[in-house]
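User: Hello! I am new to this structure and would like to know how its descriptions are justified. Could you take me through some of them?

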Amino acid sequence: MTAATPFPSFPAGADDSAGSADAVLLGLDPEQREVATTLRGPVCVLAGAGTGKTRAITHRIAYGVRSGQLMPASVLAVTFTNRAAGEMRGRLRALGAGGVQARTFHSAALRQLQYFWPRAVGGQLPRLVERKAQLVNEAAARCRLRLDRSELRDVTGEIEWAKVTQTVPADYPAAALKAGREAPRDMAEIAQLYGVYEQLKRERVMIDFEDVLLLTVGILQDRHDIAEQIRAQYQHFVVDEYQDVSPLQQRLLELWLGDRDDLCVVGDASQTIYSFTGATPDHLLDFRIRHPHATVVKLVRDYRSTPQVVHLANGLLSQAAGRAAAHRLELVSQREPGPDPVYAEYADEPAEAEGVAARIRSLIAAGVPAGEIAVLFRINAQSEVYEQALADAGVPYQLRGAERFFERAEVQKALLALRGAARSAGNDPLLDDVVELGAQVRAVLSATGWTAEPPAGSGAAREQWESLAALVRLAEDFARARPGATLADLAVELEERRAAQHAPTVQGVTLASLHAAKGLEWDAVFLVGLTDGMLPITYARTDDQIEEERRLLYVGVTRARQHLGLSWALSRSPGGRASRRPSRFLNGLRPGSGALAARAGAPAGRETSRGDASEREVRRRTRRGPARCRVCGRTLTAAGDLKLMRCEDCPSDMNEGLYERLREWRATQAREQKVPAYCVFTDKTLMAIAEAAPVGPGELAVIPGVPGRKLDRYGAEVLAICAGRAPEAAHGADA
């Protein structure tokens with residue numbers, strides 16, 4: 001997984017005096033060059049996916065700085081994620097514009113609020129709320145309301161929406177109705193809860209992230225002297241992802257600008273996917289109305305994706321409706337042709353996950369790095385079955401959107417150790433005779449549990465190792481980009497990244513929601529669960545909501561550089577009723593579909609695009625009745641429960657002795673093959689074997705996670721262990 005950039009993480013630094021300003025323009029296409037050289041007045045860049053928008057705007061800033069037309073300290077570049085801001089700062093440093101501020105809206109506002117609060121209000125700035133959902137839950141309890149986990153998340157989202165649209169608690173019901181919000185609870189209850197939440201913050205002298213923007217706006221509106229001081233500091237503004245600006249962020253931007261118009265905005269209305277947070281593409285689409293003399297540049301040359309991927313992306317938007325669709329950009333691929341997108345239909349979700357895992361194994365075997373492959377889904381709840389399938393296939397993976405990298409205990413411990421080693425300089429015995437920076441980091445982290453080889457298994461130990469390994473790789477990249485850099489230099493870089501939450505990349509296939517994938521790209525992308533009811537999601541009812549779901553799929557498609565898979569399952573669980581239909585967004589695009597009507601159910605495992613026979617074989621699954629718990633009889637749907645053929649909380653009749661013998665055998669196999677233990681069998685599969693105690697190949701073959709290659713390779717030894725014999729005896733019996 002990489003950010004949407006062709007540049008390395010730590011490009012070699014560029015001296016401001018080296019070369020002329022015109023050197024910054026080398027390698028830009030005509031449209032990018034127009035962006036870079038138009039330094040004055042309002043500029044609107046309409047940039048399609050993969051067209052090099054970040055390259056264009058960073059070169060614009062660097063050209064202005066190196067030509068003497070812009071002072072670095074007078075430029076504020078604003079984007080929407082800490083990772084994007086970090087990438088932008090890195091590029092600007094490499095281009096000789098290191099003094100430019102590149103921040104998120106919240107980060108820039110918080111910095112100003114911290115500086116001006118004592119003068120504008122007095123005293124210390126209130127503490128930031130660290131766990132908003134916890135405070136919302138307390139507010140619900142005060143209102144005698146009980147929220148389940150999903151309701152808590154959704155109510156928290158409603159409060160955030162209300163605040164970014166500058167809606168006070170009393171006005172929430174009317175505003176939510178007008179906006180067509182699908183409130184998770186009665187709107188009057190949410191308004192009451194919202195009011196109590198605000199009261200709790202006041203009682204505890206705390207503010208949340210939305211307050212940071214609201215308070216900054218309030219101070220700039222009321223204190224003209226402070227507003228003028230900020231305007232004197234920042235005279236040129238660049239806003240990336242402008243289609244995602246909320247009304248509150250737009251108001252803050254207007255206050256920063258004052259009556260000036262040195263503003264460059266960059267966006268793509270076809271990638272507006274955050275309207276549920278209050279974002280709207282109207283500010284982008286109305287830019288020419290507010291600034292009639294603005295320069296408008298369209299970037300449509302796609303350097304990311306193959307013509308096949310771009311053709312599908314354009315086709316997807318060609319069926320769109322609404323205002324954003326009227327301003328869609330027709331992308332033109334600049335890459336060599338690649339493989340066609342592969343469409344696949346499966347009988348059920350576990351079969352879909354197994355099929356995707358098999359294709360991923362094939363790609364890895366063909367040389368595609370696991371870190372350059374992603375599986376993207378509509379909601380996070382879809383991830384479990386893919387986690388299980390990848391673990392069964394022996395493929396490492398990472399969940400994007402889980403715990404923040406720099407908040408992990410092992411990372412905090414590692415950073416503490418690295419800072420300590422940097423301070424001790426040559427007095428640390430761990431670093432005796434160790435000169436190279438990467439080797440120094442490996443030596444320091446070895447004391448915190450890092451090893452050259454990953455641990456067996458796919459649980460917490462492996463996740464911790466992956467975190468430390470990411471720090472090692474980051475140090476190696478840093479050393480290559482900055483020859484002569486010291487441990488102290490690296491410690492400063494890591495602290496800057498920690499403050500910006502700009503995490504290094506952890507190796508492994510990425511599992512992520514479509515929303516979390518925005519701004520990233522991979523060599524291979526699998527879009528899964530593409531059924532009506534999931535994409536578009538069930539609660540998308542209005543035309544605008546359905547069009548946003550289409551744009552979400554467009555964002556997913558445009559994450560792929562070369563390989564693209566699109567799949568869906570006709571039922572949720574094995575043997576279930578095949579009542580699902582492929583997403584309506586694929587009508588007229590996938591082979592065999594009409595533009596107006598979805599195809600009725602096709603045979604299970606049927607491919608709707610070219611694919612080899614081995615892939616078709618993986619997709620073939622015997623139709624049977626619903627999988628039921630062998631203890632209580634309930635229908636099973638969770639991947640782990642299906643593997644055990646019982647509910648996880650139902651009593652287990654596992655043979656503990658057999659389970660331990662199987663674990664010992666697995667450890668031996670893993671050592672001999674030099675692979676993680678889960679590549680042999682996962683813990684759940686071993687538990688299922690120990691519970692079933694199969695006596696023959698037929699009984700072993702029906703246990704999920706065993707059939708196929710693993711049955712052929714390990715079946716005889718596993719059956720020998722189940723029979724109480726040594727696994728070596730199986731080979732003698734075969735002879």
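**From one strand to the core**

Analyst: Happily! In this predicted model, β7, helix α11 (residues 247-257) and β8 form a right-handed β-α-β unit.

User: What makes it right-handed?

Analyst: With the strands pointing away from the viewer, a right-handed path over the helix runs clockwise. The unit of β7, α11 and β8 is assigned that hand.

User: How do you know that β7 and β8 pair, and which way do they run?

Analyst: Pairing needs at least two bridges, and 3 bridges join β7 (residues 236-239) to β8, so the two count as paired. They run parallel, with V238 opposite C264. Strand β2 (residues 43-47) is also parallel to β8, through 4 bridges; there, C44 has V265 as its bridge partner.

User: Why is β8 called mostly covered?

Analyst: Buried means under 20% relative accessible area, and 5 of the 5 residues in β8 (residues 263-267) are buried, so the description fits. L263, V265 and G267 point one way, while C264 and V266 point the other way, and all are buried.

User: What makes a group of residues a nonpolar core?

Analyst: Its members must be buried nonpolar residues joined through side-chain atoms within 4.5 Å. The largest such core here has 41 residues, and F105 and W256 have the most contacts inside it. Helix α4 (residues 105-120) gives the most to this core, with 7 residues.

User: Which residues does F105 contact beyond its neighbours within four places in sequence?

Analyst: Among them are V78, F80, L213, V239, L252 and W256. Another core, of 37 residues, lies apart from the largest one and includes A313 and L527.

Note on methods
Residues are numbered from 1 along each chain as its sequence is written. This is a predicted model: local features need pLDDT of at least 70, side-chain atom pairs count only at pLDDT 80 or more; totals for chains, interfaces and linings use all residues. Side-chain values use heavy atoms; hydrogens and water are left out. Buried means under 20% relative accessible area, exposed over 50%, partly exposed in between (1.4 Å probe, protein chains only). Contact means heavy atoms within 4.5 Å.
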